[in-house]
Amino acid sequence: MRTAIRALAITAAAALTVTGLAACSSGSSGSAGDSKTLTYWASNQGTSLQNDKEVLTPVLEKFTKETGIKVNLQVIGWNDLQTKIQTAVTSGQGPDVVNIGNTWATSLQATGAFQEFGDSEMKAIGGADKFGKVALSTGGAPGKTVTSVPLYGLAYGLFYNKQMLKDANIEPPTNWDDLVTAAKKLTKGDTYGFSLAGGSYTENAHFAFINSAQNGGEWFDKDGKPTFTSSANVDGIKRYIDLMQVAKAANLSNAQYDNATQSVTDFANKKAAMILNQNNANNTINSLGMKSDEYGVVPLPAPTGGEQIASFPAGINLSVFKNTKNKEGALKFVKYMTSADTQTTLDKPYAALPVLAAAADSVTDEQTKTFLDIYNNKAKPLPLVPAEDQFESTVGKAMNDMFAKIATGSTVSDKDIKSALQTAQDQVSQAAG
């Protein structure tokens, strides 16, 4: 999700319910409901589910004090969130308000289960103009009324260990060839130039997209039909997996890393000189004892002559289930969570990029400025089609298999990649019917 997003998924199987914020466990849409209670599913943004509880509890208590509306909060890990949302869509038994990885926005919009933010709803939450243009563009399919609004902004960047690069007389890379050369030079003994989440289908799909975008590639045509097997897509994936396969700049054990936190941990523990991750990796890096002045961030470099795409506008959006029993309260909550004061409060602990138009001018931290520039100027949206989630699942899992093969000594060729993408494309086409 990092989406979303979905980067820094903390392994946790169950939702964590905050007690004391709700008088009852109900309030979910599809149940009898309570006009003074909302159920809110929040995604895991902090260093743990418990950390999210600590961050969000005072914020939600303030909302209750201002409005009289109590909030039943559940913080859900990224490994479970999409499945829980899909189950809620099918059953009609879900929360009133939910965090979604913004890459899911178009797929979830297509279900018809979520409230459109039309003119009256947008007015109720403070108006569309308060959001940055790029941030708001993640709310749904082009030309359709959005069914989600931005909450936290995220972008990918290339984190590098300043001292390791300095000791090796290496400058932060500005093109892909320099990145590979640097990664190989920085690989010595049990220290690697790179650490990758090779077993995370979401991370793999994201980098398939970004590397293809640098080649000018597309994953769907104008009619929303998959075009997975193009040479731009094959070459983009090959370029990425070759960090492990050819450059041997990533530990083979990275093939088992099923979430980005593991590669971030390698970086913080100085077992890897570089990682690709979203800006909220700062929290985990710092919590593991690496100081913010020990590392820098630059955009993911493209091949010479390639498109200067370094990310997609990632992040977390808020959606309201259409069958909520408390639409007015839900919109008040969305307005509150996307207000300038609440955004300022939450952006810091979550290392999130500002999604409000007026907030960008107040950014002073250099790393945040770098990420904000990537978000606004070097990002291309993931495919804005209903099958986007299937793209992530099929292509990402195919890449999981590729890394697993590399880890066991097999070679993955262009032909192998194209064959795997053909299988993924057939699965998506069949699902579309």
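This report describes aromatic contacts, charge–ring contacts and one open sheet in a predicted model.

## Aromatic pairs between distant segments

Across the whole structure, a search identifies 19 aromatic pairs. One of them joins Phe63 and Tyr336, whose ring centres are 5.2 Å apart and whose planes meet at 50 degrees, a tilted arrangement. Phe63 belongs to helix α1 (residues 49-67) and Tyr336 to helix α12 (residues 327-337), so this pair ties together parts that are 273 residues apart in sequence. Both partners fall under the 20% limit for burial: Phe63 is buried, at 0% relative accessibility, and Tyr336 is buried, at 10%.

A further pair is formed by Phe114 and Phe321, with 4.5 Å between ring centres. The planes of Phe114 and Phe321 stand at 45 degrees, so this pair is also tilted, because the tilted class covers the range between stacked, under 30 degrees, and edge-to-face, over 60. Here the partners come from loops: Phe114 lies between α3 (105-109) and α4 (119-124), whereas Phe321 lies between β10 (314-320) and α12. The pair therefore ties together parts that are 207 residues apart in sequence. Phe114 is buried, with a relative accessible area of 4%, and Phe321 is buried as well, at 3% relative accessibility.

## Aromatic cluster and charges over rings

One aromatic cluster is made up of Tyr156, Phe207, Phe209, Tyr240, Phe312 and Phe403.

Charged side chains also face aromatic rings. Lys84 is placed over the face of Trp41, 5.0 Å from the ring centre. The charged end of Arg239 lies over the ring of Trp176, at 5.6 Å from its centre.

## The four-stranded sheet

An open sheet contains 4 strands in the order β7-β8-β6-β9, and its pairing is mixed. Its edges are β7 (192-194) and β9 (295-298), each of which pairs on one side only. On average, neighbouring strands of this sheet are turned by 25 degrees against each other, direction ignored.

Strands of a sheet pair through backbone hydrogen bonds, in either a parallel or an antiparallel sense. Strand β6 (residues 156-161) pairs with strand β8 (residues 272-278) in the antiparallel sense, over 5 bridges. Within this pairing, Leu158 has Leu276 of β8 as its bridge partner.

## A helix across the sheet

Helix α14 (residues 366-377) lies across three strands, namely β6, β8 and β9. The helix runs at about 20 degrees to β9, which is one of the edge strands of the sheet.

How values were computed:
Residues numbered from 1 in each chain as written. Predicted model: local features only at pLDDT ≥ 70, side-chain atom pairs only at ≥ 80, totals over all residues. Heavy atoms only, no water. Phe/Tyr/Trp six-rings, centres within 6.5 Å; stacked < 30°, edge-to-face > 60°. Helix = DSSP H or I, 4+ residues; strand = E, 2+ residues; numbered from the N terminus. Buried < 20%, exposed > 50% of the residue type's maximum accessible area, 1.4 Å probe, protein only. Lys NZ or Arg CZ within 6 Å of the ring centre and 35° of its normal. Pairing = 2+ DSSP bridges. Axes fitted to C-alpha atoms, helices over the stretch in contact; angles between N-to-C directions. Contact = heavy atoms within 4.5 Å.
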